[in-house]
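Visitor: I am new to this structure, and I would like to know what stands behind the words used for it. Could you show it to me?

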Amino acid sequence: MVEKKNRFPARLHVLLARESPMALIIRRGPAKAVCTIRWDRSRDTFRIGQWLNGRIYERRCDLSPDGKHFIYFAMNGRWASPTGGSWTAISRTPYLKAVGLWGKSDCWNGGGLFTSNTTFWLNGSTPYPNGGHKLLEKPRDKLFEDKKFSWHTNYGGECPGVYYIRLQRDDWKMARSRTFEGPNRITIFEKPVKGGWILRKRAFEGHGSGKEDQGRGVYHDEHELEHIEDGHLFEVPGAEWADMDGKRLVWVSEGCLYSGSVGVKGVKNVELLRDFNTMEFQRITAPY
């Protein structure tokens with residue numbers, strides 16, 4: 001009898017546009033398949049973008065403030081291809097087809113951030129092929145590289161190098177930086193919530209050793225709420241990603257997207273917005 005392999009739920013990561021109700025969900029699963037989904041937060045409607053046979057490093061991605069463009073870092077391991085097997089691209093949300101493309105050839109740095117609706121920062125300025133980018137397709141849509149952007153701290157050449165900057169830009173305060181707890185290095189981010197609460201994100205760098213860590217990546221997050229006055233702690237149920245969307249709390253857990261409100265006893269009025277677990281790979285052509 002052949003033993004069945006563990007089937008893990010879909011892994012979701014969400015990018016919220018800062019100046020519009022748009023968001024992009026990056027859905028991974030199985031391990032070598034990923035797709036993008038547009039989420040209109042004003043109506044809680046969803047539209048699939050495209051699938052990729054490969055890996056998108058969600059913590060090195062960003063949405064433009066208006067939500068119209070997506071910058072991402074991806075890898076398919078085709079090292080002899082023009083991209084060198086990994087690349088940074090800019091696309092029109094929610095699709096993956098590039099309107100700007102840079103070959104990378106390794107998995108260091110890559111991706112970037114939008115500094116405005118029309119300007120972006122590429123992560124990794126070392127000249128190609130020594131760790132930098134090779135321009136393959138000049139950006140369209142009146143998008144321009146912001147070569148003056150810099151951040152006061154360097155968080156290394158992997159996911160924190162973009163992710164930790166993005167979090168702080170989006171009003172998360174770094175409360176504790178990169179301390180070790182067992183096999184993991186943890187950075188704590190906090191965001192104030194109305195009603196005297198703090199939403200806390202524990203960003204992990206590394207694997208734990210228990211069964212609860214199976215199916216999670218080297219980089220993963222956990223979330224909790226703490227009341228400022230009385231110190232009461234409430235875990236956001238199984239949240240792998242969480243943030244505030246206006247007055248409501250939104251989070252993902254076990255391949256599902258939820259919303260709720262924060263009350264005296266923690267999270268209440270929980271609503272399942274969408275279960276993404278049953279999605280399967282399909283070929284979709286971008287309409288541009």
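Guide: What follows is a short talk about strands, a pocket and salt bridges. This is a predicted model, in which local features need pLDDT of at least 70, side-chain atom pairs count only at pLDDT 80 or more, and totals for chains, interfaces and linings use all residues. Residues are numbered from 1 along each chain as its sequence is written, and side-chain values use heavy atoms, with hydrogens and water left out.

Visitor: How do you know that β3 and β4 pair?

Guide: Two strands pair if DSSP finds at least two bridges between them. Strand β3 (residues 34-40) and β4 have six bridges in the antiparallel sense, so they count as paired. Within this pairing, I37 stands opposite I48 of β4. Strands here are DSSP runs (E, at least two residues), and helices are runs too (H or I, at least four), numbered from the N terminus.

Visitor: What makes β1 and β4 edge strands?

Guide: β1 (11-16) and β4 (45-52) each pair on one side only. They belong to an open sheet of four strands, with antiparallel pairing and the order β1-β2-β3-β4. On average, neighbouring strands of this sheet are turned by 20° against each other, direction ignored; the axes are lines fitted to C-alpha atoms, for helices over the stretch in contact, and angles run from 0 to 180 degrees between N-to-C directions.

Visitor: Which residues are closest to the centre of the second largest pocket?

Guide: They are L16, D170, K191, D243 and M244, out of 29 lining residues. A pocket is an open set of points on a 1 Å grid over the protein atoms alone, where a 1.4 Å probe fits, with protein on both sides within 12 Å along at least five of seven lines; lining residues have an atom within 4 Å of a point. The volume of this one is about 540 Å³, counted as the space filled by probe spheres set on the points. Its lining has 14 nonpolar, three polar and 12 charged residues, where Asp, Glu, Lys and Arg count as charged.

Visitor: Why is the contact of K191 with D243 called a salt bridge?

Guide: A salt bridge is a side-chain nitrogen of Lys or Arg within 4 Å of a carboxyl oxygen of Asp or Glu. The closest N and O atoms of K191 and D243 are 2.8 Å apart, so the pair qualifies. K191 lies in strand β15 and D243 in strand β19, so the pair ties together parts that are 52 residues apart in sequence. In general, side chains of opposite charge can pair when their charged atoms come close.

Visitor: Why are K191 and D243 called buried?

Guide: Buried means under 20% relative accessible area, exposed over 50%, and partly exposed in between (1.4 Å probe, protein chains only). K191 has 11% and D243 has 10%, so both count as buried.

Visitor: What makes R178 partly exposed and E205 buried?

Guide: R178 has a relative accessible area of 22%, which lies in between the two limits, so it is partly exposed. E205 is at 9%, under 20%, and therefore buried. Their side chains meet in a salt bridge at 2.9 Å, N to O.

Visitor: How many salt bridges does the structure hold?

Guide: There are 23. One of them joins R176 and E181, with closest N and O atoms 2.7 Å apart. R176, at 30%, and E181, at 33%, are partly exposed.
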